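Welcome to this short guided look at a protein chain. Please take a moment with the sequence and the 3D view before reading on.

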Amino acid sequence: MARLRQTIVSLEDTPYYHCCSRVVRKAFLCGIDHVTGENFEHRREWVDSRILELATIFAIDICAYAVMSNHLHVVLKVDPDKVRQWSDKEVLIQWHKGFKGTLLTQKYLKGEDLNQFELQTVDECITEYRKRLIDISWFMRSLSEPIARMANKEDKCTGRFWEGRFKSQALLDEAAVLACMAYVDLNPIRANVAATPETSDYTSIQRRIASAIKGEQPTELLPFIGNEHLNMTNGLKFSVKDYIKLVDDTGRIIREDKHGAISSSSQDILNRLNIPADNWLKITTEFGILFKGAVGALPALTEYCEHLERKRRQGASNCQRWLCA
């Protein structure tokens with residue numbers, strides 16, 4: 001039985017979550033329909049653009065994403081501190097970037113006079129919007145619904161475009177986050193639709209590589225801040241250069257037609273994560289199979305289950321086997 005989303009999300013334990021949505025009706029609604037030969041690749045651009053747009057609205061950062069022909073993956077970091085720092089007006093401005101709001105919230109932003117009852121109603125809206133702006137369910141809903149409407153209009157039909165529920169899992173520690181990101185970024189290579197990370201269209205790794213060539217990092221994605229910036233809280237505590245190299249090394253090993261090996265810099269990351277190289281390759285090729293629930297070392301998984309009042313630790317054996325040296 002599917003769990004309620006509030007029984008999966010625990011910001012007390014982790015801000016990082018891996019989400020996955022799949023399409024229905026046919027196998028290639030976002031790619032090429034091999035029955036009719038019709039090309040729907042442009043829909044992947046819709047999804048890609050919408051993911052990045054939502055990152056400018058919600059207090060949720062994008063760590064990694066991959067838009068495939070019949071599903072999408074996204075690794076999110078919820079930032080409750082950011083939304084707490086926003087003023088009431090800033091909350092409304094953020095919400096109105098993607099949604100109409102109400103007539104009263106629109107009047108409030110225009111500076112029009114409101115009576116006491118109307119101001120109270122606006123305050124209630126602000127409180128609700130503040131919650132939604134860090135809600136991954138609202139994020140995924142805001143991602144999927146516009147795409148479904150556009151696809152149905154194009155197909156001249158009605159009904160579901162996406163499966164009823166997206167899948168989500170908590171990533172409880174540094175190792176789980178980086179392994180899941182690599183798994184997501186390597187989707188096109190595992191599926192044999194791309195030969196290298198830089199040619200993996202509609203992925204975060206392609207975007208990171210394009211920016212790295214210019215000596216930059218993409219503003220749309222959560223940055224890598226490296227060990228030298230450990231005092232910074234909002235960023236991935238690795239070097240972007242090392243991460244790209246790790247993904248490239250892993251991709252070369254995964255592809256049977258390429259000779260590859262884990263380099264010394266990549267091995268340094270795995271040593272820091274306490275993951276043997278063989279385990280890393282297993283995780284980054286079968287993450288979705290190995291881990292059905294929260295992912296992390298046993299102490300973190302135990303705390304997560306206790307906070308959510310779960311009687312057993314789902315997937316504990318695989319977490320212990322593959323994430324612990």
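A residue counts as buried here when its relative accessible area is under 20%, and as exposed when that value is over 50%. Please keep in mind that the model is predicted.

**One helix and its buried side**

With that cut-off in hand, let us turn to helix α9, which covers residues 204-213. Which residues of α9 are buried? They are S204, I205, R208, I209 and S211. Looking down the axis of α9, you find these buried residues within an arc of 165 degrees, so they line one face of the helix. A general point helps here: an α-helix has 3.6 residues a turn, so residues three or four places apart point the same way.

What do the buried residues of α9 pack against? Their partners are β2 (60-67), α7 (174-185) and α10 (240-254). After α9 comes G215, with a positive phi near 75 degrees.

**The chain as a whole**

Stepping back, the chain has 14 helices and 4 strands. Its radius of gyration is 21 Å, close to the 20 Å that the globule rule gives for 325 residues, so the chain is as compact as a globular protein of that length. Along the principal axes, the C-alpha atoms fill a box of roughly 70 × 50 × 45 Å.

Of the 325 residues, 48% are buried. Taking contacts between residues at least 6 apart in sequence, 66% join residues at least 24 apart. The accessible surface is about 16200 Å², and carbon and sulfur atoms account for 50% of it. As for charge, there are 44 positive and 43 negative side chains, and the centres of the two sets are 5 Å apart.

**Four residues to find in the view**

The table gathers four residues, each with its place in the chain and its relative accessible area.

| Residue | Place | Relative accessible area |
|---|---|---|
| P188 | helix α8 | 3%, buried |
| K282 | helix α12 (residues 277-290) | 27%, partly exposed |
| N192 | loop between α8 (187-190) and α9 | 59%, exposed |
| E309 | loop between α13 (298-307) and α14 (316-323) | 71%, exposed |

Start with P188, in helix α8. Is P188 buried or exposed? With a relative accessible area of 3%, P188 falls under the 20% cut-off, so it is buried. Leaving aside neighbours within four places in sequence, P188 is in contact with M68, V193, A194, S200 and T203. P188 and L281 are 93 residues apart along the chain, and their C-alpha atoms are separated by 16 Å.

K282 belongs to helix α12. At 27%, K282 is partly exposed. Again setting aside neighbours within four places in sequence, K282 is in contact with F287, L290 and W322. From K282 to I254 is 28 residues in sequence and 9.8 Å in space, C-alpha to C-alpha.

Two loop residues round off the tour. N192, in the loop between α8 and α9, has a positive phi of about 60 degrees although it is not a glycine. E309, in the loop between α13 and α14, is not a glycine either, yet its phi is positive at about 55 degrees. N192 is exposed, with a relative accessible area of 59%, and E309 is exposed too, with 71%.

Technical notes
Residues are numbered from 1 along each chain as its sequence is written. This is a predicted model: local features need pLDDT of at least 70, side-chain atom pairs count only at pLDDT 80 or more; totals for chains, interfaces and linings use all residues. Side-chain values use heavy atoms; hydrogens and water are left out. The radius of gyration is taken over C-alpha atoms; the globule rule is 2.2 Å times the number of residues to the power 0.38. Buried means under 20% relative accessible area, exposed over 50%, partly exposed in between (1.4 Å probe, protein chains only). Contact means heavy atoms within 4.5 Å. Accessible areas come from the Shrake-Rupley method with a 1.4 Å probe; for residues, only the protein chains shown count as cover. Lys and Arg count as positive and Asp and Glu as negative; His and the chain ends are not counted. The place of a charge is taken as NZ of Lys, CZ of Arg, CG of Asp or CD of Glu. The arc is that of the directions from the helix axis to the C-beta atoms.
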